[in-house]
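Me: I should like to understand the terms used for a ligand and its surroundings. Please explain each one against its definition.
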Amino acid sequence: MIINSINPYSQAIIAEHEVLTNAQLTQKIELAEKAYKSWRTTTFQERADKMKKLANIFRAKKEELGLLITNEMGKILSEGIGEVEKSAGNCDFYAENAEKMLKDIYYDTPFKSMSVYDPSGAIFAVMPWNYPFWQVLRYAAPAIMAGNVTLLKHASNVIGCAKAIENAFLEAGFPVGVFQQVTISISQVETIIAADVVSGITLTGSEMAGSSVASLAGKHIKKSVMELGGSDAFIVLDDANIEKAATVATQSRMLNAGQACICAKRFIVTEKVADEFASVFASKIAELHQGNPLQNGINMGPLAKLEFAKTLSSQLEKSLQQGAKIIVGGERENCNFQPTLIDFVDSNNIAFQEETFGPLATITRAKNEIDAIAIANNHRYGLASAIWTEDREKAYLLARKIEAGNVFVNSLVRSDSRIPFGGIKKSGYGRELSEIGIKEFMNMKSIIIE
Ligand code: NAP
């Protein structure tokens, strides 16, 4: 079986990738097992030296790799290059901090007692196409620094990126089998999950994929981390700096053509400032240029697949039928979706209830700040949120009431190597990044000596 890579802007087939046979897949799993036996015995210093080299390879090749990202999934070139740089930064972060994060812990007992962190095996990762480098290095850098090895099943439209990442690991000197990408079909996923060497499963993707893979992980008694969908609230209160809020709102919704789990998707604005916010937000959205992602002056490329653009069009159409009003945008040509703002979206509207994975911003009006928090929390997802107010004390108290994995006050929601990242409710469970992220797939072994 062959999987085609299709450039979303030109719709040209740019590469063909052969799916592994079951026998080839078994060989890869055996190779992971072999590699794990020796990789787990290496020192932090040996791992860190290679991880630093990997970071430098990414930085040296950022233009070439950024172009590959753009060609496979359509984001503008500067965002692709930025993503490669951010991935390199995560490699540096774990190279520099893994050892101290995993130091032994001693307990206050009359006998000697301690916990040590052992690696656990091979981590199987199922990853999405929207940040094809960042999502991979976000889990792989800590996993490998911890002494684990990994098998990656990347999204079928970014297999070129998966192969480029594997090549970079090899070029950096990691032994064969420490990082392997596997081109497989969904029906082969269980074979990997069931393999004895596989100790953990991490999936970043949709709720449906998460539910299916988490079930298999449960069936085979393997720990899992699920980073799933989001419909993040961006709450604008009476005393917000509207100009600044609208600038960041535009960035937060429209980055990566609106295809990020942590894009702000529901703009919840108190009635007093809703008209003003809608007007400034609309004017900023209208200034964006959607088009060829390789061309200078273009702020947004196409959506990654035609089916995604069609789904967004049908969500928009239904939302308008349900009473939303279009303020700006709304047109689509193939994968090219105009940056769009709709207003008067109530909590029964499809654009409120479902995740909209593209450049569609929605405004929901709230009576006051209490109502705004209630509207924000009235959702199946709980990934991240933002609150805009000039009163930082109030913001802190409201942030404590938000049902989400992260809350940002007066700034862009973003992931940061130093800070735990993840969601609650249908946005998944477990955390990536920081010290918490590296510990997710370790055996915390307690040793007691009388
Ligand atoms: P997706 O369709 O769920 O695909 C993600 C990965 O899961 C791909 O590798 C896909 O493989 C695989 N997959 C799909 N169905 C599967 C199944 N039944 N069993 C095993 N694997 C399966 O999601 P997407 O469209 O690529 O990404 C968009 C979604 O990811 C959005 O909901 C977004 O919010 C979420 N996301 C979450 C985070 C986070 O950190 N929480 C970050 C980024 C994205 P194929 O490509 O072969 O189908």
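Me: What makes the pair between the ligand and Glu355 a polar contact?
Reply: An oxygen atom of the ligand lies 2.6 Å from an N or O atom in the side chain of Glu355. A polar contact is a pair of N or O atoms within 3.5 Å, so this pair qualifies. The side chain of Trp129 has such an atom at 2.7 Å from a ligand oxygen, and that of Arg138 at 2.8 Å.

Me: On what basis are these values given?
Reply: The model is predicted: local features need pLDDT of at least 70, side-chain atom pairs count only at pLDDT 80 or more, and totals for chains, interfaces and linings use all residues. Residues are numbered from 1 along each chain as its sequence is written, and side-chain values use heavy atoms, without hydrogens and water.

Me: Which residues are closest to the ligand?
Reply: Among the 28 residues that surround the ligand, the closest are Met127, Trp129, Ser206, Leu228 and Glu355. A residue is near a molecule if one of its heavy atoms lies within 4 Å of it.

Me: Why are 14 residues of the shell called nonpolar?
Reply: They are called nonpolar because Ala, Val, Leu, Ile, Met, Phe, Trp, Tyr, Cys and Pro count as such. The shell also has 10 polar and four charged residues; Asp, Glu, Lys and Arg count as charged, and the others, Gly among them, as polar.

Terms used. A polar contact is a pair of N or O atoms within 3.5 Å; within protein, one must be able to donate a hydrogen and the other to accept it, and residues adjacent in sequence count only if both atoms are side-chain atoms.
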